[in-house]
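The following exercises concern strand pairing, helix packing and local side-chain contacts. Each task is followed by a solution in steps.

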Amino acid sequence: MDSCSVNDDDTNKFTNVADDACCEMIFENEIEQLFVGGDEFWTGDSPTKPYVGQVFASIDAAFSCYKGYSSFSGFQVRRSTQKTRRGLIVSKYFVCSKAGSADNSSSRDDDDIEPEASRISDTVGPVKKKRRTVSGKCECSAKLVLKNVALKGYVVSHFEDNHNHPFANDSEKHFLRGNRCMTAVLRNFAFNAASSNTGPVRAFNFLKSLTGSYAAVGATAVDFKNWMRDIKVFIGNHDADMILQKFKDKKETSDNTFFYEYETDSNGHLTRIFWADLEGQRSYDVFGDVVSFDATYRTNKYSMVFVPFIGVDNHWKSVTFAAALLDKEDIENFTWVFKMFLKIMKHPPKCIITDQCAAMKAVIPKIFPDSMHRLCMWHILQKFPSKLGVVFCAESLFMEKLNKFVWNSSLVPEEFEQGWHSVLEEYNLSDHSWLKEMFELRHFWIPAYFMDKSMGGLLRTTSRSESSNFYFNHFVQKGDTLSEFYMCYESAIAKQRNSYYELRNGDSKFPKMVTEMEIEKDAASHYTRSIYYKVRKEIKAACYHMSLDNLVTADNVKKCMIRDKHVKDKVFQVDLSLSSNDISCSCHLLTRVGYPCRHIFYCLSLSSIEQIPQQLLSKRWMKNAVETYSTIDLVAESNGSSDEDKRKSTSKEVWFKVFES
C-alpha cells in the first residue's frame, strides 16, 4: 500500500507534521510561486501599434504593449536577446514567436520508423518512439528593439512589423498563448468544480455554456487540465501536512469545536486520522442512540479506508456524526478510532451495527461495553447461497420459508427458534455446521432478540453505511489526494446538511389529515413530516384493522387484548395506567423505533385520549430536535453567525489560502 508521507524524501522541507513555520512557508511562498499567473496582459481599452520613438517606463511595460497589440492582431511575440552594461539592460529585443528556424534534426515521426525496426528483439533494444512535434518557426523578421535612454526609461529604436506568415483569424485568436490565461476567476471556478467531483474538462465545457463560446472562456481545456495537474503534483509532496494544517486552521477558527486527532508511524507516515465538527457532535447528542459503522470503502490515492459514523436523523435520513481514515482494518486501528469517537462524543451509542468483521467483534465490547453490537442481517443472508448451494437457494423454497422467521420483527425469541428449527428439519439441514454457527450468533442479528431493546429495531443492516459510501462516491475518486478527498468530503457533507435544512423547513407546513381523529392532528404537530407519515400509518391501521378481544381493568391498569388482522389475527396486549397514562404493548414497536404502534393508538382511542402522552414522544423524532434538545451549545450562533455560514467562510479562507495565487 502506498502511504501518504509527511516526509516523502530528503528534499522535503518538513521534518515534523506539526512544523507550523514550514507550513506557513509553503502556504504563503511556494504555492504562490507555483500557481501565480504569467506576465501581465495589456489591459488598455484598444491596443495601440508601437512606433519608433515611443517611450516606456520599463521593459515589462513595453512588452505588455507589444503583447497586447500582437494578441489583438493575431500573432504572438516573445522576449529575445538583450545587451547589458554594468548590470544595466541597455537594449532589449522582442521578436515574433515564429522567428528563427525549426530544428528538425532530432525529430522522428512514427512513420519514419521501418516496420522491421519495431520488431527488433529485446536483446538489441527497442526503438524509442519520439513524440510527434511541430514547429511554427518560419524565420519571421518582425521585431521590436528597445534602447535605454537616461532619465526617460526605454525608447523604441527599431520596429519591424512585416511578417512572412498569415495571422490568426477571429475564430483562432483564442488559441494564441497570449490570449490564454488561467485567471483567478477561472482557477476559482475549476477549484469549486473539483470539490463537486467535476473534472477540468467538464468544468471547461460548462463554463463555455455559461460564457456563450469557447473563445469567451479565456483558456482552453488543456489549460484547465494542466492547472489541476500542477495542483496534484504540488500536493503530492506535502499532502499530509496540508490536510493537518487545514484541520488546525478549522479548529482555531471554530473556537475549538472542531476536533481531530492523528497518528504517524516511525517513518513519519500518516497512518490514521479522525475528525468531527460541531454539527456532527450536536447531531450525535440527539440521534446517537444507534450508529452504523462500516470499514470497507477505500478511496484516495493511498488506499486508506474511509470509515464514517452514520446514524438516522429525525427525518429518517442518514446523518454523518464523524469520520476517519485508516491505513488498515485491524484491532489496533479500530481500538484507536473508537476511543477517539468516545473521547469527543462523551457517551457510547446504545447500539452499533457492523458487518462480521472479527477485529470489530473483538474491539467493540472493550470500548463500548454497555452498547449492543448488532451484525448486519444482509451480509449474513448473502452468504447462504455460497454455504448451502446457489441452485438449492434459488430453486427451493428454503430461503422464502426461513425469511418469514428471520426478518419478522413481531416474533418473540421462542417463536423464532421454533420456526428456524422447523424449516431446517424440513430440508434436513439441522446438522449443517455453518447454520449451527449462525444460530449460535442469533442474539447478534435476529430481530426477535432486539424487540425489547431501546431503538433495537431502528437499524437491522449496514445499508445506511452502504448508501453513504455510494453517496460519498459521487464526490470523491480513488486517485484523490487527502487534501482533495477532504475538500470533496466537505461538499458531500454540505449537501447532506442542506437536505436536512430543507426538510426542517418543510416541517413548518401542516400535512393533510386522512382521519378525523384529534390524535392525528396532535401527531402532525409534534413529529417531523417523515415520521408523521409512519405514525399516520399506525393510526389508520388502528381505525380499520384492530378489534378488541378482551378488556380487563385491575389495580388502576387497563389491559387491552387487541387482535391485529395484519398479523394473522395475532393478539397483542396493551397495558395502560389510568393514573399516569404510561402505556406499553407486547409488540414493543414503541421501544424498538420510538413511536407508538397501532395497538397503542387503538387503546388510546378506547380510553378517549385525544393527545399522545408526553412519555410516548421520543425527542429524536420531534421537529427541530437538534436545536431543541441538544445539550451542546452552538458556539457559532452566540458569536453572531450561524454554524453553516462560519463553516463556509472558514472552508473558503483556508483552501484559497492554499490554492489561490
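**Exercise 1. A hairpin**

In this predicted model, Tyr 260 stands opposite Trp 275 of β7. Determine how strands β6 and β7 are joined, and which residue in their hairpin takes a positive phi.

Solution.
1. Strand β6 covers residues 259-264 and strand β7 covers residues 270-276.
2. The two strands run antiparallel and are joined by six bridges.
3. Between the strands of this hairpin there are five residues.
4. Gly 268 takes the positive phi, near 80°.

**Exercise 2. The sheet of β1 to β5**

State the strand order of the sheet that contains β1 to β5, and identify its edge strands.

Solution.
1. The sheet is open and has five strands, ordered β1-β5-β4-β3-β2, with antiparallel pairing.
2. β1 (55-56) and β2 (77-85) each have a single partner strand, so one side of each has no neighbour in the sheet; these two are the edges.
3. Within the sheet, β4 (residues 143-149) and β5 (residues 153-160) pair in the antiparallel sense over seven bridges. Lys 147 has Val 155 of β5 as its bridge partner.
4. Helix α2 (residues 59-73) lies across β1, β2, β3 (88-96), β4 and β5, and runs at about 155° to β2.

**Exercise 3. Ser 396 and the helices beside its loop**

Locate Ser 396, list the polar contacts of its side chain, and classify the packing of α12 with α13.

Solution.
1. Ser 396 is placed in the loop that links α11 (390-395) and α12 (398-406).
2. Its side chain reaches the backbone oxygen of Phe 392 at 2.4 Å. A polar atom of the Ser 396 side chain also lies 3.3 Å from the backbone nitrogen of Phe 398.
3. Leaving aside residues up to four places away in sequence, Ser 396 touches Val 391 and Tyr 427.
4. Helix α12 packs with helix α13 (residues 413-426) at an angle of about 170°, the axes being 9 Å apart. Angles over 145 degrees count as roughly antiparallel, and α12 and α13 are therefore roughly antiparallel to each other.
5. From α12, the contact involves Phe 398, Lys 401, Leu 402, Phe 405 and Val 406; from α13, it involves Glu 415, Phe 416, Gly 419, Trp 420, Val 423, Leu 424 and Glu 426.
6. By class, these residues comprise eight nonpolar, one polar and three charged.

**Exercise 4. The pair α17 and α18**

Describe the relative direction and handedness of α17 and α18, and the make-up of their contact.

Solution.
1. Helix α17 (residues 518-526) packs with helix α18 (residues 529-544) at about 165°, with axes 9 Å apart.
2. The angle makes α17 roughly antiparallel to α18.
3. Their crossing is right-handed.
4. Ile 519, Glu 520, Ala 523 and Ala 524 of α17 meet Tyr 532, Val 535, Arg 536 and Ile 539 of α18.
5. This set divides into six nonpolar, no polar and two charged residues.

**Exercise 5. The sheet of β14 to β17**

Give the order, edges and average twist of the four-stranded sheet.

Solution.
1. The order is β14-β15-β16-β17, in an open sheet with antiparallel pairing.
2. β14 (546-554) and β17 (583-585) are the edge strands, each pairing on one side only.
3. From one strand to the next, the twist averages 20°.
4. Strand β16 (residues 570-577) is joined to β17 by three bridges, and the two run antiparallel. Leu 576 has Ile 583 of β17 as its bridge partner.

Conventions
Residues numbered from 1 in each chain as written. Predicted model: local features only at pLDDT ≥ 70, side-chain atom pairs only at ≥ 80, totals over all residues. Heavy atoms only, no water. Axes fitted to C-alpha atoms, helices over the stretch in contact; angles between N-to-C directions. Parallel < 35°, antiparallel > 145°, perpendicular 65-115°, else oblique. Left-handed = near helix turned anticlockwise from the far one by under 90°. Contact = heavy atoms within 4.5 Å. Nonpolar A, V, L, I, M, F, W, Y, C, P; charged D, E, K, R; others polar. Pairing = 2+ DSSP bridges. Polar contact = N/O pair within 3.5 Å; in protein donor to acceptor, adjacent residues only side chain to side chain.
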